[in-house]
Amino acid sequence: MAEDTNKLRVRLVTPERTLFEQPADAVELPSKSGYMEVLYGHAPLLAELGAGDVTVHGAATEGAGPTTRYNVSWGFVEVLPDRVTILANDALKPEEIDVPRAERQREHGEELWKQAGESEEAYTEALRVISEAEAKIASASEAAQSH
Amino acid sequence: MANVLDLRRRIRSVKNTRQITKAMKMVSAAKLRRSQERALAARPYARMITSVLESLVRRVDLFDEKTGNLVHPLFITRPEKRILLVVISGDKGFAGAFNANILKTTYRFIQGNPDKEIDIEAVGRKGRDQLRRRYPVASYVDQSNQEGRPTQWRDARKGPVEISGDHPGLLVNLETSRVEDLAHSIIARYVHEEIDAAYIVYNEFKSVIAQRLVIEKLLPLIEVGKQQIAGAVEPTEEEKERRAEAALSAGIEIEPADTTEAEEEAEKFGTANVDYIYEQPPEELFAGLLPQYIFAMLYHAMTESVAAEHAARMTAMDSATNNASDMIDDLTLHMNRVRQAAITKEIIEIVSGAAAL
């Protein structure tokens, strides 16, 4: 028990299924206003997630290495002192990312950006598409380097 | 009177049919099991979104001081003049009255609202095909405005009821991104006051036996976390019995796996009795969560409908297999009688021939 008490219970849930549910030492989260790291005993917090990587440190998975990464796009996170629940709209392992598709998505986003004109809504939407694509590409290339 | 050879041929053909319906039943049972799992796997997310919204509504001041209404466009109720109806049917036939019942409910809803303009979003191929025969499809014109940007203009209505969009193949893989697009388009239409309300017609699937057809109100939101049922068709006892029988013979558990523990866990999401730090202003969080809530409701409806479709097909195919067996028994009996009669006749002929000698 003594060791377990310093572990966070981390859960990653997508609309389709629960992707990850394990105790871990720390989690890095891509909040909408920047990355943050959560350790055991963090103050309760609710935040909206942007596009980026969720990194779980010291998870108890066999053979997964010291860290596990997931690329997530949009969602919400609830942090409690001993528990982190991530509600992601979409989550992928870096190996699963389809890079050519992400590239196409970025081009599409840039196209939207050019067409946005005066509409603020269209700009926000274009930004969303671009940042999601860029986060995916970055995550995939990082995974390729580490191998 | 049919001769023995004809009867034998018919029996063979019915036997072949029985083989096919039996195979289809087993296939549906396997698919049902998979879609049931998917429906269950999708529940934690939906529960969590709902509970965090509920708790946000309770603890944060999101109400307008003057009117006492929630400050968000999705909570604004207007007189219902234009309605959007999302009809979720099956992609394939051979599912008993599954598709017919959905369409019947849809037509009844439309007839019950004769003075309103209704847009239909058809999900599922069967329903789309039928609705298209009955109602005109809305047409859009692509135009460029002064800055040369393409915009879409909707043509004048051809009738009070129009099909504003269809989504072929959406139910096959149920990709979340496509469901999300649909949810966002519905929200955009509501916010831009193109529609005053949105309903969804689908088959609810609690377990193999407990299914019902519901019309659920999607927008405007009145209260988060409460299903707004505008109408429901409950199955009869007889139907329930048939379903239980079919499930039993296909080896499907009648009650789905116990998930109460996981669900209780999910309900706690975002509701702990502490003061949260809000990374973003609560209003912003709230505005971000609402579209996800609508999406979760839609996705939930679709996963349930797919499971219900497979269950309906399994039941229908089980009935067909039983009917085929009954028919084979009848035909075999009939064939034996005919054969007997022929033999008796021949014996009489021989005997009377011998007596005449």
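Chain A contains two helices and seven strands, and along the sequence these elements follow the pattern β-β-β-β-β-β-β-α-α. The model described here is predicted. Taken along the principal axes, the C-alpha atoms of chain A fill a box of roughly 60 × 35 × 25 Å. Of the 147 residues in chain A, 34% are buried, and among the contacts in this chain with a separation of 6 or more, 51% are accounted for by residues 24 or more positions apart.

The pairing of the strands in chain A can be followed from strand E1 (residues 8-13), which is mostly covered, five of its six residues being buried. E1(A) pairs with strand E2 (residues 18-24) of chain A in the antiparallel sense over six bridges, and the two strands form a hairpin with four residues between them. Within this pairing, Arg9(A) stands opposite Pro23(A) in E2(A). E1(A) is also joined to E7(A), in this case by five bridges and with the strands running parallel; here Arg11(A) stands opposite Thr85(A) in E7(A). A further antiparallel pairing joins strand E3 (residues 26-31) of chain A to strand E4 (residues 34-39) of chain A through six bridges. The connection from E3(A) to E4(A) is a hairpin through two residues, and the bridge partner of Val27(A) in E4(A) is Val38(A).

Between E2 and E3 of chain A lies a loop in which Asp25(A) is found. Asp25(A) counts as partly exposed because it has 17 C-beta neighbours inside 10 Å, whereas 20 or more would be needed for a residue to be buried. When residues up to four places away in sequence are not counted, Asp25(A) touches Lys7(A), His57(A) and Gly58(A). The C-alpha atoms of Asp25(A) and Asp98(A) are 30 Å apart in space, and the two residues are separated by 73 residues in sequence.

Chain A is divided into domain 1 (2-92) and domain 2 (95-146), and the centres of these two domains, taken over C-alpha atoms, are separated by 23 Å. The contact between them involves seven residues of domain 1 of chain A and seven residues of domain 2 of chain A. On the side of domain 1 of chain A that touches domain 2 of chain A, the elements giving two or more residues are strand E5 (45-57) and strand E6 (67-80) of chain A, and E5(A) gives the most, with four residues. By class, the residues on this side of domain 1 of chain A divide into two nonpolar, four polar and one charged.

Strand E5 of chain A also takes part in the contact with the second chain. In all, 23 residues of chain A are in contact with 25 residues of chain B, and the elements that give two or more residues to the side of chain A that touches chain B are E5, E6 and strand E7 (83-92) of chain A. The most is again given by E5(A), which contributes four residues to the side of chain A that touches chain B. This side of chain A is made up of 10 nonpolar, seven polar and six charged residues. Strand pairing extends across the two chains, in that E5(A) and strand E9 (residues 277-278) of chain B pair in the parallel sense over two bridges, with Ile277(B) in E9(B) as the bridge partner of Leu45(A).

The largest nonpolar core has 102 residues, and those with the most contacts inside it are Val87(B), Ala198(B), Val201(B) and Leu298(B). The largest share of this core, 20 residues, comes from helix H9 (residues 282-356) of chain B. Ala198(B) touches Leu84(B), Val86(B), Ile186(B), Tyr190(B), Leu218(B) and Leu219(B), again without counting residues up to four places away in sequence.

Helix H2 (residues 43-59) of chain B allows a comparison of expected and modelled length: at 1.5 Å a residue, its 17 residues should span 24 Å, and its end C-alpha atoms are 24 Å apart, which agrees. The buried residues of H2(B) are Pro44(B), Tyr45(B), Ala46(B), Arg47(B), Met48(B), Ile49(B), Thr50(B), Val52(B), Leu53(B), Ser55(B) and Leu56(B).

Notes: Residues numbered from 1 in each chain as written. Chains lettered and ligands numbered in written order. Predicted model: local features only at pLDDT ≥ 70, side-chain atom pairs only at ≥ 80, totals over all residues. Core = buried A, V, L, I, M, F, W, Y, C linked by C-beta atoms within 7 Å. Buried ≥ 20, exposed ≤ 12 C-beta atoms within 10 Å, placed from the backbone. Contact = placed C-beta atoms within 7 Å. Domains from an automatic or database assignment. Nonpolar A, V, L, I, M, F, W, Y, C, P; charged D, E, K, R; others polar. Pairing = 2+ DSSP bridges. Expected span 1.5 Å × (residues − 1).
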